[in-house]
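Biologist: I've got this one open on my screen and I'd like a close look at a single part of it. Could you walk me through the loop I ask about and then what surrounds it?

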Amino acid sequence: NWSVGAKISYIGGAPYTPWDEDKSSLVQAWNAQGKPYYDYSQYNKERLPAFARMDIRVDKSIYLKRCMLGFYLDIQNISMSKLKQADVLMSTGVIQNPEAPANEQRYVMKSIEQKSGTLLPTLGITFEY
């Protein structure tokens, strides 16, 4: 016996609040919190892209006298879609204007893209008696 199954998953783009890069880059502000500040004037005004993926599974069952032997191939995310999350804002630790007064000094900032999703094949054997 052969059986084939497919599953499609869809996630709509979630809202998120962007970072306040201007405030976060201030040396005194970054050092006080150790992480970036949200821009609450834009609370949940940004939206991540939607995400969809497709999984397939093929099973083959062999029935013996007192048991069943099964083989399967399961492939998750066959479409190789990438789930995007909000970028992470980080300080490089380098002050871009060291000659400025202490309350005006700013760190050089960088954004790190957050994406996940990979093709995940699985081969398996099942045994029932």
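Is Asn 77 buried or exposed, and what is its relative accessibility?

Modeller: Keep in mind that this is a predicted model. Asn 77 counts as buried, because its relative accessibility is just 2%. You'll find Asn 77 in the loop between β5 and β6, the latter covering 83–95. Its backbone deserves a look too: Asn 77 has a positive phi of about 60°, although it is not a glycine. For background, most residues other than glycine have a negative phi.

Stay in that loop and go to Met 80, which also lies between β5 and β6. Here again phi is positive in a residue other than glycine, with a value near 55°. The side of the story that changes is the accessibility: Met 80 comes out at 53%, so it counts as exposed. The cut-offs behind those words are under 20% for buried and over 50% for exposed.

Met 80 also has company on the surface. Together with Ile 8, Met 54, Ile 78 and Leu 119, it makes a nonpolar patch of about 460 Å². Leu 119 comes from another loop, the one between β7 (107–116) and β8. With a relative accessibility of 36%, Leu 119 counts as partly exposed, because that value falls between the two cut-offs.

Now for the strands. β5 belongs to an open sheet of four strands, in the order β1-β4-β5-β8, and the pairing is antiparallel. At the edges sit β1 (2–11) and β8 (120–128), each pairing on one side only. From one strand to the next, the twist averages 15°. In general, strands of a sheet pair through backbone hydrogen bonds.

Zoom in on the pairing of β5 with β4: β4 takes in residues 51–63, β5 takes in residues 68–76, and eight bridges join the two antiparallel strands. If you want a spot to find on screen, look for Val 58, which stands opposite Leu 73 in β5.

One last stop, for another buried residue. Ser 25 is part of helix α1, which spans residues 21–25. Ser 25 counts as buried because its relative accessibility is 7%. Its side chain reaches the backbone oxygen of Asp 22 at 3.0 Å.

Technical notes. Residues numbered from 1 in each chain as written. Predicted model: local features only at pLDDT ≥ 70, side-chain atom pairs only at ≥ 80, totals over all residues. Heavy atoms only, no water. Pairing = 2+ DSSP bridges. Axes fitted to C-alpha atoms, helices over the stretch in contact; angles between N-to-C directions. Patch = residues over 30% accessible without salt bridge, like charges linked within 9 Å, V, L, I, M, F, W, Y side chains within 5 Å. Areas by Shrake-Rupley, 256 points an atom, 1.4 Å probe, with all protein chains shown as cover. Salt bridge = Lys/Arg side-chain N within 4 Å of Asp/Glu carboxyl O. Buried < 20%, exposed > 50% of the residue type's maximum accessible area, 1.4 Å probe, protein only. Polar contact = N/O pair within 3.5 Å; in protein donor to acceptor, adjacent residues only side chain to side chain.
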